[in-house]
Amino acid sequence: MAAAETAYDMVSPGPTTHSLMRTKHISQHRLAHQPVDLREGVAKAYDVVKEGFTDTAHLIYETAAREHEQRGMTGAVGGVLRQIPPAVVKPLIVATEATSNVLGGMRNQIQPDARQEESQKWRLGDQ
């Protein structure tokens, strides 16, 4: 009976993690602002990777702490287990955004005119 209760506590959802997640909406400005050169692209890529790992670690920690407060150790373990799928996918998303920054910076350094043309194209689309 105790094993069944423990298993139930581990897999049943606890407090919503949406309140824990600081949803980040990528603004049109952030997507439209491409790095000027390779140096800026690498710097932005570094920031994206650092921020991604920090956010993931923070979310796992907060989930475990909240679940531990409400359900004890089994709740904390269950909360961490429920965060594994997003924690596995997040590095792929972060790597994609970082690669985009590096490649965008490289392209804009090689062809600075392409950046200006793209900026004009998107500016005309907003009107």
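A residue counts as buried when its relative accessible area is under 20%. Glu67 is buried by that cut-off, because its relative accessible area is 2%. Keep this residue in mind while reading the predicted model. Glu67 sits in helix 3, and the path through the structure returns to it below.

Start with the overall plan. The protein has 6 helices and 0 strands. Along the sequence the pattern reads α-α-α-α-α-α. The protein has 127 residues, and buried residues make up 21% of them.

Helix 3 covers residues 38–71. Its 34 residues should span 50 Å at 1.5 Å a residue. The C-alpha atoms at its ends are 49 Å apart, which agrees with that expectation. Its buried residues begin with Glu40, Gly41 and Ala45. Val48, Gly52, Asp55 and Thr56 are also on that list. Leu59, Thr63, Ala64 and Glu67 complete it. So charged residues such as Glu40 and Glu67 count as buried here, being under the 20% cut-off.

Two salt bridges are worth following. The count for the model comes to 2 salt bridges. One of them pairs Lys44 with Glu40, with the closest N and O atoms 3.8 Å apart. Both residues belong to helix 3, 4 residues apart, and about one helical turn separates them. Their exposure can be stated for each partner. Lys44 is partly exposed, at 22% relative accessible area. Glu40 is buried, at 17%.

Now back to Glu67. Its side chain meets that of Arg82 in a salt bridge, 3.1 Å from N to O. Glu67 lies in helix 3 and Arg82 in helix 4, so this pair ties together parts that are 15 residues apart in sequence. The two side chains also make a polar contact, again at 3.1 Å. Which side of the pair is buried, and which is partly exposed? Glu67 is buried, with 2% relative accessibility. Arg82 is partly exposed, with a relative accessible area of 27%.

Next, the step from helix 3 to helix 4. Gly72 comes just after helix 3 and takes a positive phi of about 85°. Helix 4 then runs over residues 73–82. Its buried residues are Gly75, Ala76, Gly78 and Gly79. Seen down the axis of helix 4, these buried residues fall within an arc of 165°, so they line one face of the helix.

Helix 5 follows, at residues 84–110. Its length can be checked in the same way. At 1.5 Å a residue, its 27 residues should span 39 Å. Its end C-alpha atoms are 40 Å apart, which agrees. The buried residues of helix 5 are Val94, Ala98, Asn101, Gly104, Gly105 and Asn108.

Two residue pairs link positions distant in sequence. Val48 lies in helix 3 and is buried, with a relative accessible area of 10%. Val48 and Val94 are 46 residues apart in sequence, yet their C-alpha atoms are 6.5 Å apart in space. Val94 is one of the buried residues of helix 5. The second pair is Val42 and Val102. Their C-alpha atoms are separated by 5.3 Å, with their positions 60 residues apart along the chain. Val42 also lies in helix 3. Unlike the buried Val48, Val42 is partly exposed, at 45% relative accessible area.

Finally, turn to the surface. Which residues make the nonpolar surface patch of about 620 Å²? The patch is made by Met73, Val77, Leu81, Ile84, Val88, Val89 and Ile93. Helix 4 and helix 5 each supply at least two of its residues. Helix 5 gives the most, with 4 residues. One member, Ile93, has its place in helix 5. Ile93 is exposed, with a relative accessible area of 51%. Val94, the next residue in number, is among the buried residues of helix 5.

Terms used
Residues numbered from 1 in each chain as written. Predicted model: local features only at pLDDT ≥ 70, side-chain atom pairs only at ≥ 80, totals over all residues. Heavy atoms only, no water. Expected span 1.5 Å × (residues − 1). Buried < 20%, exposed > 50% of the residue type's maximum accessible area, 1.4 Å probe, protein only. Arc of directions from axis to C-beta. Patch = residues over 30% accessible without salt bridge, like charges linked within 9 Å, V, L, I, M, F, W, Y side chains within 5 Å. Areas by Shrake-Rupley, 256 points an atom, 1.4 Å probe, with all protein chains shown as cover. Salt bridge = Lys/Arg side-chain N within 4 Å of Asp/Glu carboxyl O. Polar contact = N/O pair within 3.5 Å; in protein donor to acceptor, adjacent residues only side chain to side chain.
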